[in-house]
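Here's a protein model to explore together. Take a look at the chain first, and then we'll walk through its folds, its cores, its pocket and its charged pairs.

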Amino acid sequence: LNESKIIRGNSIYKIVDGPSWSDSEADANKLGGHLVTINDAEENTFLFDSFDITGTDGGNDAYWSGYKNMTESPSVKGDWQWSSNEESYYTNWAEGEPNGPNGGEVAVLGRYGDTGLWNDAVDYRNSSGPSPLFGISESKFIRRGDSAYVIVEGPTWEEAEANAIKLGGHLVSINDLNELEWIENEFSKEK
């Protein structure tokens, strides 16, 4: 389950470990991304079809997304933002959702059969209700020829290489001066 990845456009999608939303987001950050940002109905359908999300009550095939209610007050709802800080234009909530009583809920993909609707849940695995064990990460990459470049995390070379391998690659090998200059130019923009 955790070894597969899917490339669509300039994004690599991959299942990341939980069990909480925060744990899944941290794992997605190590891969140079965030939990998935869903921009439109087409991407929503792609995710549900690609990851075979059917939404069992136990949360076994439900996944954390990057959508989080930033409101901390229990009496205020609706300040939802993507963890990637992208603008929020699309939602696909199930009827009556989001309905959590407090701020800090996150959007869950799955739970309503194969309809592609979202539910809200708290940011941790709890025993009082179903919550996902995994999230879906989305790592944006820059394409050059047959290669994809992503900045991955790792306090050591070994950990950075392990994160690159999780995305299906390795840390960069610079083959010539043109590639070195291209990398310097492209990735100096990221700072």
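Before we start, one bit of vocabulary: helices (at least four residues) and strands (at least two) are DSSP runs, numbered from the N terminus. Keep in mind, too, that what you're looking at is a predicted model.

**The overall layout**

With that in hand, the protein chain has four helices and ten strands. Follow the sequence from start to end and you'll meet them in the order β-β-α-β-α-β-β-β-β-β-β-β-α-α. The chain is 191 residues long, and 43% of those residues are buried. If you take the contacts with a separation of 6 or more, 64% of them are between residues 24 or more positions apart.

**The pocket**

Now for the largest pocket, which holds about 750 Å³ of space. Which residues lie nearest its centre? They are A148, Y149, V150, H170 and V172, out of 26 residues that line this pocket. Several elements supply at least two lining residues each: β1, β9 (142-144), β10 (147-149) and α4 (177-188). Sorted by class, the lining has 14 nonpolar, seven polar and five charged residues.

**The cores**

Let's go inside. In soluble globular proteins, nonpolar side chains tend to be buried together. Here, the largest nonpolar core has 19 residues, and I38, L47, W118 and I136 have the most contacts inside it. At least two residues of this core come from each of β2 (11-17), α2, β4 (63-69), β5 (80-82), β6 (106-109) and β8 (134-140). Which element gives the most to this core? That's α2, with three residues.

I38 is a nice residue to click on. Setting aside its neighbours within four places in sequence, I38 is in contact with E43, N44, L47, W82, Y90, L109 and W118. Another core, of 15 residues, lies apart from the largest one, and its members include W21, A121, V152 and L167.

**The salt bridges**

Side chains of opposite charge can pair when their charged atoms come close. How many salt bridges does the structure hold? There are three, and here they are:

| Pair | Closest N to O distance |
|---|---|
| R8 and E42 | 3.3 Å |
| D27 and K30 | 3.8 Å |
| K140 and E138 | 3.1 Å |

Start with the salt bridge between R8 and E42. This pair links distant parts of the chain, since R8 sits in strand β1 (residues 5-8) and E42 in helix α2 (residues 41-50), 34 residues apart. R8 is partly exposed, with a relative accessible area of 26%, while E42 is exposed at 57%.

The salt bridge between D27 and K30 is a local affair in sequence: both residues lie in helix α1 (residues 21-30), three residues apart, or about one turn of the helix. K30 counts as partly exposed because its relative accessible area is 36%, which falls between the cut-offs of 20% and 50%.

Finally, look at K140 and E138, whose side chains meet in a salt bridge. Is E138 buried or exposed? It's buried, because its relative accessible area is 6%, and buried means under 20%. Its partner K140 is partly exposed, with a relative accessible area of 42%.

Note on methods: Residues are numbered from 1 along each chain as its sequence is written. This is a predicted model: local features need pLDDT of at least 70, side-chain atom pairs count only at pLDDT 80 or more; totals for chains, interfaces and linings use all residues. Side-chain values use heavy atoms; hydrogens and water are left out. A salt bridge is a side-chain nitrogen of Lys or Arg within 4 Å of a carboxyl oxygen of Asp or Glu. Buried means under 20% relative accessible area, exposed over 50%, partly exposed in between (1.4 Å probe, protein chains only). On a 1 Å grid over the protein atoms alone, a cavity is a set of points where a 1.4 Å probe fits but cannot get out, and a pocket is an open set with protein on both sides within 12 Å along at least five of seven lines; lining residues have an atom within 4 Å of a point. Grid points are joined across faces, edges and corners, and a volume is the space filled by probe spheres set on the points. Ala, Val, Leu, Ile, Met, Phe, Trp, Tyr, Cys and Pro count as nonpolar, Asp, Glu, Lys and Arg as charged, and the others, Gly among them, as polar. A nonpolar core is a set of buried Ala, Val, Leu, Ile, Met, Phe, Trp, Tyr and Cys residues joined through side-chain atoms within 4.5 Å. Contact means heavy atoms within 4.5 Å.
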